[in-house]
Amino acid sequence: MPAVATYWAEHAWLPHAGGPVVGHEVLIGVGPDGRITEVTPDSGPCPPDAVKLTGLTLPGQANAHSHAFHRALRGHVQIGSGTFWTWRDTMYRFAGALDPDSYLGLATAVYAEMALAGITAVGEFHYLHHAPGGGRYGDANAMGEALIEAAARAGIRITLLDTCYLSSGFGAEPTEPQLRFSDGDADAWAARAGELKERGHARIGAAIHSVRAVPADQLATVAHWAAMRRAPLHVHLSEQTAENDACLTAHGVTPTRLLADHGVLGPRTSAVHATHLTDEDIRLLTDSSTNICMCPTTERDLADGIGPARRLASGGCPITLGSDSHAVIDPFEEARALELNERLHSRTRGHWTAGALLRAGTEDGHASLGWPEAGRIEAGALADLAVVALDSVRTAGPAPALGAETAVFAASAADVRHVVVGGRQIVRDGVHQLVADVPAALRDSIAALQS
């Protein structure tokens, strides 16, 4: 297929038989289907008909776990102390103010912020389904459709992980704020979620909010729905010790064992957080090749703890990364935090290479969201790219050959210079091309929730 657009990357992180390497003067052709047609390193100076990408070109980043509306909490939940559970009360207040129109505005701004950070695909863990009090909108999927449209307006891909959320705890009815999350039972959830349609930039997956939010006898319904569609299935797992204790009281087993017993674990499943695990839990996850989505900036913001990511990865679980509550939106901070948290826990260095951390945020992250054709700069892959400056105050100095190390351990979202999605330039010279003023869009959409 002939190229209809050509990008010239000063430096690019490319697949190689011996492991990814930084190539130089790389021509990247893009076909009319938005996929890469050719990759030519050492091509010489930038041709006049090519778009010049100065810096280090990486595959676009995959944000594997997002709650878009949590972005409104930034700043508000950093006051004082409290726990995860007091943080949750504040979250419910913001959730209660959203409707499809205001969610469209907020999510568009949040996804545009992600694009500016180099994120080209998001896994949106979506449980804010209905109106306050649980009443249905005319379109039962109006809130999910708002998120899909928001991603389109921001120019990024989305996997809408439609979430089953039925109870406030083991055997407990939903609380008042949670009524808008619930469909009543898993069969009703499946019927509503089944009405969602995929489109070019959007794929549909499923999620079990947690073992405390979906009764044990209904877990298999959600797992079956995802299996029949070969769709991603995500679940919050053991983020808090209180969840583990309550599960042991209710069922006599850990949350991981409960999920395993009901057919939830497996290579299309992502366990989010997986912070407080027993040795048996780790064995169940590794034996099933379940993905593990770590969200380090949220896990430390909420004082969740440091999960056994290295043990899980060593056992064969792919590791992915998410910004979750959006305390910050910075995929490079998430990547390096995975390594640095492990250093603090173990008091040794070098648990992941920069390349392994980049893979978590690109190829493995995209695969966990049902986009296996993304996350690599090679012919046939989706032409989703993120360019990191190598001449900022954070990144200047190291040789380009150390670009991966520089990006992971020194760069920030502020160093992202260009972003391309499906061959289309979404960010140019640090400016979003579809959302005119992203800070203003964030400010106005969040202020509307407080009026």
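Reader: Happy to dig in! How do the residues of the lining of the largest pocket divide into nonpolar, polar and charged?

Author: Good place to start, and please keep in mind that this is a predicted model. The pocket in question has a volume of about 280 Å³, and 19 residues line it. By class, the lining of this largest pocket divides into eight nonpolar, five polar and six charged residues.

Reader: Which residues are the closest to the centre of the largest pocket?

Author: Two elements give two or more residues to the lining of this pocket, namely β8 (202–208) and α13 (363–368). Of the 19 lining residues, the closest to the centre of the pocket are Pro 232, Arg 268, Ala 367, Ser 368 and Gly 370.

Reader: Which element gives the largest share of the lining of the largest pocket?

Author: The candidates that give two or more residues are β8 and α13. The largest share is three residues, and the element that gives them is α13.

Reader: Let's move past that helix. Is Glu 373 buried or exposed?

Author: Glu 373 sits in the loop between α13 and β13 (385–388). Its relative accessibility is 13%, and the cut-off for a buried residue is under 20%, so Glu 373 counts as buried.

Reader: With which side chain does the side chain of Glu 373 make a polar contact?

Author: Leaving aside residues up to four places away in sequence, Glu 373 touches Arg 35, Arg 203, Ala 381 and Leu 382. The polar contact of the Glu 373 side chain, at 2.7 Å, is with the side chain of Arg 203.

Reader: Now for helix α5 (residues 216–229). Why do its buried residues lie on the same side?

Author: The buried residues of α5 are Ala 216, Gln 218, Leu 219, Val 222, Ala 223, Trp 225 and Ala 226. They lie on the same side of α5 because the arc they cover around the axis is only 155°. An α-helix has 3.6 residues a turn, so residues three or four places apart point the same way. For these buried residues, then, the value that puts them together is an arc of only 155°.

Reader: Which residues are exposed on the other side of α5?

Author: The buried residues of α5 pack against β7 (157–164), α4 (186–193), β8, β9 (233–237), α6 (241–251) and α7 (255–261). Just after the helix, Arg 230 takes a positive phi of about 50°. On the other side of α5, the exposed residues are Asp 217 and Met 228.

Reader: Turning to enclosed space, how much of it lies in the largest cavity?

Author: Rolling a probe the size of a water molecule over the atoms shows where empty space is left. Here the structure holds five cavities of 30 Å³ or more. The space in the largest of them is about 200 Å³.

Reader: Which helix supplies the largest share of the lining of the largest cavity?

Author: Of the 23 lining residues, the closest to the centre of this cavity are Phe 84, His 209, Arg 212, His 236 and Glu 239. By class, its lining has eight nonpolar, ten polar and five charged residues. The largest share, five residues, comes from helix α1 (residues 84–95).

Reader: And which element gives the largest share of the lining of the second largest cavity?

Author: That cavity holds about 80 Å³ of space, and its lining has five nonpolar, five polar and two charged residues. Among the lining residues are Gln 61, Ala 62, Asn 63 and Glu 334. At least two residues each come from β5 (61–66) and α11 (331–346). The largest share, three residues, belongs to β5.

Note on methods:
Residues are numbered from 1 along each chain as its sequence is written. This is a predicted model: local features need pLDDT of at least 70, side-chain atom pairs count only at pLDDT 80 or more; totals for chains, interfaces and linings use all residues. Side-chain values use heavy atoms; hydrogens and water are left out. On a 1 Å grid over the protein atoms alone, a cavity is a set of points where a 1.4 Å probe fits but cannot get out, and a pocket is an open set with protein on both sides within 12 Å along at least five of seven lines; lining residues have an atom within 4 Å of a point. Grid points are joined across faces, edges and corners, and a volume is the space filled by probe spheres set on the points. Helices (H or I, at least four residues) and strands (E, at least two) are DSSP runs, numbered from the N terminus. Ala, Val, Leu, Ile, Met, Phe, Trp, Tyr, Cys and Pro count as nonpolar, Asp, Glu, Lys and Arg as charged, and the others, Gly among them, as polar. Buried means under 20% relative accessible area, exposed over 50%, partly exposed in between (1.4 Å probe, protein chains only). A polar contact is a pair of N or O atoms within 3.5 Å; within protein, one must be able to donate a hydrogen and the other to accept it, and residues adjacent in sequence count only if both atoms are side-chain atoms. Contact means heavy atoms within 4.5 Å. The arc is that of the directions from the helix axis to the C-beta atoms.
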